[in-house]
Amino acid sequence: MYKLMICVKQVKGFWIQYVRYRLWSGYLLLLFFLFFLFSCNYTKNLSKNEYALIKNTVKVEGVKGTLFDELIDLIRPIPNKKFMDMFPIKVSLWAYHQPKFDSIKGITKDSKFNRWCRKVGEPPTLLDTTDMLHSISQIKLAMFKRGYFDATVQKEIQYLKKQKARVNYFVSPKQSYCIRKVDYQIDIPDYKRIIITDTVNSLVKKGMIYDEDILIAERNRIVNIIKDQGYFHITSNIVTFLVDTNDAYHHINTQSHPTLNLTVKVSFDDVEDKSLVSKNTNRYKFNNALIYTNYDLNFDKSVYLDTIPYLDFRNKNDSTLYEFVTIKKLKKGSNRLKLIKDYTSRTIAGSIWMKKGELFTQTAYERTYKKLRDLNNFTIINISYSEDEALWDSISKIGILNTTLRLTRAKQHGLGAAFDIRTDRTSLELSYTNKNIFRGAEYLKISGYGSLYYYNWLNEILKKISTDYPIYLEVGGSVSLLFPRLLMLPQYQNIDFWGYSTEMKFSASYTQRFTRLNLQASYSYNWSPSRYLTHSISPIDISTLDTRSNRDTTIVKKYPESYQRKIEKFFLPSSRYTLSYYKPEKNGNIFRVNFSFETVGLMLFSVNKVVDKDNMWTIFNNFNYGTYEKFELNLVHSKIINKNNSFATRLIFGMAIPFQKNTVVPFERSFFVGGSNSMRGWAFRQLGPGGYNSEEYIERVGDMRMELNLEYRGTIYKAVKFGVFSDIGNVWLLSKYKDMPNAEFSFKTFYKQIAVCVGLGLRLDFNFFILRLDYGLPIYNPSMPIGNYWINNNWFKKNKWWNGTQGIQFGIGYAFY
């Protein structure tokens with residue numbers, strides 16, 4: 001055994017040396033590669049009067065923030081893209097692999113590799129005065145549409161070394177025009193009452209800044225309310241806007257803006273197809289529906305189409321005949337046809353709002369499209385109408401429309417993988433999905449994951465500490481089934497909602513740290529009144545936390561005796577409610593709210609106290625049932641300062657309150673801080689609770705959490721970003737544990753136990769993901785001995801768990817969004 005240990009140490013030493021060698025060689029190769037990229041002169045093949053355009057900028061006079069950031073998208077030509085906004089890889093490939101050329105003989109030397117490089121690369125974008133003039137006109141037009149009628153644009157060309165140039169556009173917006181008065185000129189009598197009675201919902205208001213995007217939205221709104229009265233043939237060009245800027249500067253508003261008169265005109269003057277004019281005053285009703293559930297133009301010869309009629313007898317008010325176009329394929333080795341039915345008729349028919357005998361409405365179209373989209377099964381949804389002229393009623397001037405729905409299916413089966421790496425954990429998740437498992441658009445997902453936790457990896461490498469299980473494993477998986485409707489509660493399905501669903505889920509996980517097995521089954525209702533707001537209620541959520549008999553008791557014994565109760569066996573019957581609100585603003589600012597509330601064991605506890613008030617029951621002989629209520633509030637706000645800088649704030653407050661003093665909240669359901677996304681000056685679960693001080697390496701959790709995160713995010717150069725942050729907070733116990741002094745929350749002392757860290761970070765922004773490296777420095781640590789809370793020279797000697805390394809945090813993505 002002794003020789004084996006020596007051999008293991010030698011192998012370990014060899015691998016450490018090998019890893020160091022590989023790291024240094026990798027650094028040298030990276031530096032050489034970067035030097036090569038930056039030293040490339042991809043303009044060497046340009047003629048004397050040609051310049052490569054490397055950048056366009058737009059500066060709007062007197063305006064800060066993101067109000068006019070979209071103007072840069074109008075500039076032409078677009079400079080060559082660079083990897084990470086720094087490395088001109090594609091244009092360098094093209095420039096450095098040109099063929100040898102002779103003025104007399106032409107191409108004298110070329111190769112397949114050179115041709116491949118030119119194909120993969122791209123030629124340099126050249127400076128062009130014609131494009132600059134076009135860009136100026138586009139900027140003026142964009143400013144005009146925003147109400148800046150008097151805006152001016154100037155250009156500046158900067159000629160740089162190596163035949164490169166950049167163009168700066170300077171925009172002087174002047175004053176924006178505001179709407180002084182809104183008038184209506186309606187030349188079509190059939191539409192006048194409809195429009196006038198709905199002006200209260202108009203998007204165009206007196207006093208607002210002129211904006212053509214709002215005018216287009218208002219035109220669509222007017223057309224839609226007319227269509228909702230059965231006028232099928234109406235087109236958007238019947239609505240025009242007349243702008244009168246005469247005497248604009250003689251009618252200055254209170255903000256010193258010039259004003260204009262706006263007239264909304266509704267007439268047939270601009271209808272190009274005059275044959276439609278007579279039909280624009282005819283109304284139409286819905287009739288039957290023809291549905292392709294798997295529409296494809298490329299059917300081969302072995303495919304035959306057939307229709308299956310369907311009537312919804314459950315709905316007495318719906319007499320619509322739904323004809324489903326199905327696919328028949330020849331069976332292999334025979335002449336018999338095999339019927340392929342993609343969906344149950346009820347699933348699709350229940351999503352269609354065009355009911356026989358009802359007036360045509362644009363709302364029916366929009367609701368049908370939305371319902372079919374919510375099924376999450378179709379890549380293309382095409383809804384069209386055909387007029388049945390044989391059923392035309394010339395007396396009442398009402399026509400009949402048949403609806404045709406062509407639905408192109410998405411891929412039913414899917415495989416997915418998700419990878420996450422952080423300072424304290426690496427995870428890999430694999431998943432399988434089926435979007436139509438029972439032919440009712442039910443969404444099945446089966447997933448499994450594995451996570452490696454390594455809280456003290458850097459301290460282990462530096463030989464500063466030695467802990468049990470510096471690396472341990474957690475594995476798990478889940479099976480979930482999502483129904484695109486509210487099962488057993490159809491009366492609460494509001495069509496105006498953005499979406500709703502019912503979810504059944506079973507999950508299991510096993511962690512090596514405490515040899516804990518977690519089983520959970522839940523039944524949830526989810527609904528979203530808008531695209532920004534989502535509610536979820538789980539009336540049934542049952543979990544078991546089982547500590548296996550083969551666990552390592554030496555680890556558990558390091559925890560205080562009263563604290564060990566959190567790692568006992570638990571049965572958790574609960575109900576849960578969650579709310580998620582996300583609101584992006586026009587200027588790029590983001591406000592996000594997440595709230596959750598959970599009540600555990602309330603019914604069981606009530607029955608227990610009535611039947612046997614002196615004893616707490618156990619479930620399955622040795623499982624304690626959980627008795628607590630828990631809530632958590634998470635607020636995030638991101639303020640955009642300008643295109644390259646922002647300021648983000650997060651506030652978290654949560655509590656898990658036991659029903660009585662002698663009960664505890666399970667370890668897995670408790671709060672924790674520390675790690676790459678929370679209190680970055682400490683390792684994962686290495687802060688708190690409260691001011692508790694211990695020399696033992698234990699994972700620290702609490703019943704209450706308060707945390708405030710402040711972060712300034714800026715740009716160093718192109719894709720290289722930086723962050724300056726401060727994290728403030730801690731966790732506390734709500735009950736006093738005799739062997740854990742200063743760990744409980746008290747109004748008299750909690751403000752002295754709020755930890756503080758500050759830090760700096762680097763980010764590499766690849767657009768589709770962000771690599772983040774932070775360093776957090778604790779400047780106030782309430783877990784230190786009295787008199788050493790604030791940072792001082794003795795910290796690194798007295799706190800063996802930090803040692804200057806635990807503030808290094810790595811992750812993918814920001815710490816919070």
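Which residue forms a salt bridge with Glu699, and how far apart are the closest N and O atoms? I found Arg685 as the partner, with the closest N and O atoms 2.9 Å apart. I applied the rule that a salt bridge is a side-chain nitrogen of Lys or Arg within 4 Å of a carboxyl oxygen of Asp or Glu.

**Basis of the entries**

I worked on a predicted model, in which local features need pLDDT of at least 70, side-chain atom pairs count only at pLDDT 80 or more, and totals for chains, interfaces and linings use all residues. I numbered residues from 1 along each chain as its sequence is written, and I took side-chain values from heavy atoms, with hydrogens and water left out.

**Salt bridges**

I returned to the Glu699 and Arg685 pair. I noted that both Glu699 and Arg685 are buried (under 20% relative accessible area; exposed is over 50%, partly exposed in between, with a 1.4 Å probe and protein chains only). I then recorded one network, in which salt bridges that share partners join Arg680, Glu711, Arg713, Asp727, Arg763, Arg772 and Asp774.

I obtained a count of 29 salt bridges by this rule. I listed Arg146 with Glu70, where the closest N and O atoms are 2.4 Å apart. I placed Arg146 in the loop between helix H4 (129-145) and strand S4 (152-160), and Glu70 in the loop between strand S1 (52-60) and helix H2 (89-95), so the pair ties together parts that are 76 residues apart in sequence. I took helices (H or I, at least four residues) and strands (E, at least two) as DSSP runs, numbered from the N terminus. I entered Glu70 as partly exposed because its relative accessibility is 35%.

I also listed Arg118 and Asp110, whose side chains meet in a salt bridge at 2.8 Å, N to O. I entered Asp110 as partly exposed because its relative accessible area is 27%.

**Arg221**

I located Arg221 in helix H6 (residues 212-227). Is Arg221 buried or exposed? I counted Arg221 as buried, because its relative accessibility is 15%. I found a polar contact between the side chains of Arg221 and Glu218 at 3.0 Å (a pair of N or O atoms within 3.5 Å; within protein, one must be able to donate a hydrogen and the other to accept it, and residues adjacent in sequence count only if both atoms are side-chain atoms).

I left aside neighbours within four places in sequence and found Arg221 in contact with Asp198, Asn201, Ser202 and Leu203, contact meaning heavy atoms within 4.5 Å. For Arg221 and Asn201, I noted a separation of 20 residues in sequence and 9.1 Å in space, C-alpha to C-alpha.

**Helix H8**

I checked the span of helix H8 (residues 362-374): its 13 residues should cover 18 Å at 1.5 Å a residue, and the end C-alpha atoms are 18 Å apart, which agrees. I used an expected span of 1.5 Å times one less than the number of residues. I found Gln362, Ala364, Thr368, Lys370, Lys371 and Leu372 buried in H8. I recorded their cover as including H6, strand S9 (283-292), strand S13 (378-387), strand S14 (398-409) and strand S19 (499-511). After H8, I noted Asn376, with a positive phi near 55 degrees.

**Whole chain**

I counted 12 helices and 32 strands in the protein chain. Of its 817 residues, I found that 42% count as buried. Among contacts between residues at least 6 apart in sequence, I noted that 66% join residues at least 24 apart.
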